[in-house]
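Good morning, and thank you for coming. I would like to take you through one structure, beginning with its ligand and ending with its charged pairs.

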Amino acid sequence: MAQILETAIDIAREAGALLAGYFERGIGFDLKGEFDLVTAADRASEELVIERLQTHFPSHNILGEEGGLREKNSEYCWYVDPLDGTTNFAHGFPMFNVTMGLERSGELIAGVIYDPLRQEMFAAELGGGAFLNGRRIRTSKAAKLESSLLATGFPSRKRHENVNVHFFHQVAVTSHGVRRGGSAALDLAYVACGRLDGFWEFGLNPWDMAAGLIIVREAGGRYSDMKGGPGSVRGEHIAVTNGPIHDELLGLFA
Ligand code: IPD
Ligand code: CA
Ligand code: CA
């Protein structure tokens with residue numbers, strides 16, 4: 001199992017370096033140029049990750065954001081977001097990552113999130129704890145929403161149909177603030193290492209959450225859906241916290 005995680009870490013580092021190269025070339029581009037570059041970066045990163053995963057784990061299923069499902073009838077499934085934080089990337093806003101989560105028979109067992117600009121590698125495997133660049137990380141000790149910093153996000157499509165702006169307002173006036181970093185996987189990684197105390201969002205996809213959820217749990221945090229039911233990578237909404245503020249946050253959503 002440790003070997004699987006090490007391999008995923010190597011792949012994430014390689015894909016991250018590729019993304020950083022595109023990012024540096026793109027700074028200063030006009031908007032159209034930037035978006036072409038983004039599409040190219042997205043695809044090149046996914047191609048690299050899929051190729052490496054298939055070489056190391058030829059029997060595993062892979063679900064990538066760009067390429068859909070490669071079904072091998074396996075109990076293992078990788079969820080891959082080759083570039084999480086596309087809008088940031090396109091604007092030269094330095095917050096994005098590459099992320100991979102692994103499920104076995106429906107249970108998350110490993111995940112990596114790599115931020116190539118800060119060279120921060122978040123990683124965890126089931127039962128083994130969570131790590132940032134090899135050092136153990138733990139969720140924060142914040143006990144109350146009023147002393148917490150949280151994050152959320154909004155979908156890039158059909159934003160007008162999204163009710164989240166109401167929750168955003170409610171949590172913002174109850175806490176130290178709500179950040180909208182533009183990269184769901186890094187939001188989750190930041191909850192895991194205590195830079196944030198909580199996160200919630202509607203409409204995320206499995207590849208946005210798979211790695212982050214296991215990393216948060218292994219760091220001592222908690223997740224559920226926003227009504228308190230079991231959280232899932234396939235769920236319509238997710239609430240993720242350090243643990244102590246979880247019930248209070250769910251109370252606000254109710
Ligand atoms: C998006 C980011 C963003 C979140 C969106 C996601 P993408 O992923 O994670 O933070 O709010 O819901 O779709 O499109 O940049 O891979
Ligand atoms: Ca994403
Ligand atoms: Ca993406």
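Please keep in mind that this is a predicted model. Let us start at ligand 1, where a backbone N or O atom of Ala184 lies 2.9 Å from an oxygen atom of the ligand. Taken alone, ligand 1 exposes 370 Å², and the protein buries 88% of that. A backbone N or O atom of Ser183 is also placed 3.0 Å from a ligand oxygen. Glu201 takes part through its side chain, with an N or O atom 2.6 Å from an oxygen atom of ligand 1.

In total, 16 residues surround the ligand. They divide into five nonpolar, five polar and six charged. Strand β3, residues 76–84, gives the most to this shell, with three residues. Where does ligand 1 lie with respect to domain 1 and domain 2? Both domain 1 (2–136) and domain 2 (145–253) give residues to the shell, so the ligand lies between them.

I turn now to the salt bridges, of which there are seven. In one of them, Arg52 pairs with Glu14, the closest N and O atoms being 2.4 Å apart. Arg52 lies in helix α2 and Glu14 in helix α1, so this pair ties together parts that are 38 residues apart in sequence. Glu14, Glu51 and Arg52 are linked in a network of salt bridges.

Another salt bridge joins Asp115 and Arg118, with 2.6 Å between the closest N and O atoms. Is Asp115 buried or exposed? Asp115 is buried, at a relative accessible area of 0%, whereas Arg118 is partly exposed, at 39%.

Terms used:
Residues are numbered from 1 along each chain as its sequence is written. Chains are lettered from A and ligands numbered from 1 in the order in which they are written. This is a predicted model: local features need pLDDT of at least 70, side-chain atom pairs count only at pLDDT 80 or more; totals for chains, interfaces and linings use all residues. Side-chain values use heavy atoms; hydrogens and water are left out. A residue is near a molecule or strand if one of its heavy atoms lies within 4 Å of it. A polar contact is a pair of N or O atoms within 3.5 Å; within protein, one must be able to donate a hydrogen and the other to accept it, and residues adjacent in sequence count only if both atoms are side-chain atoms. Accessible areas come from the Shrake-Rupley method with a 1.4 Å probe; for residues, only the protein chains shown count as cover. Helices (H or I, at least four residues) and strands (E, at least two) are DSSP runs, numbered from the N terminus. Ala, Val, Leu, Ile, Met, Phe, Trp, Tyr, Cys and Pro count as nonpolar, Asp, Glu, Lys and Arg as charged, and the others, Gly among them, as polar. Domain bounds come from an automatic or database domain assignment. A salt bridge is a side-chain nitrogen of Lys or Arg within 4 Å of a carboxyl oxygen of Asp or Glu. Buried means under 20% relative accessible area, exposed over 50%, partly exposed in between (1.4 Å probe, protein chains only).
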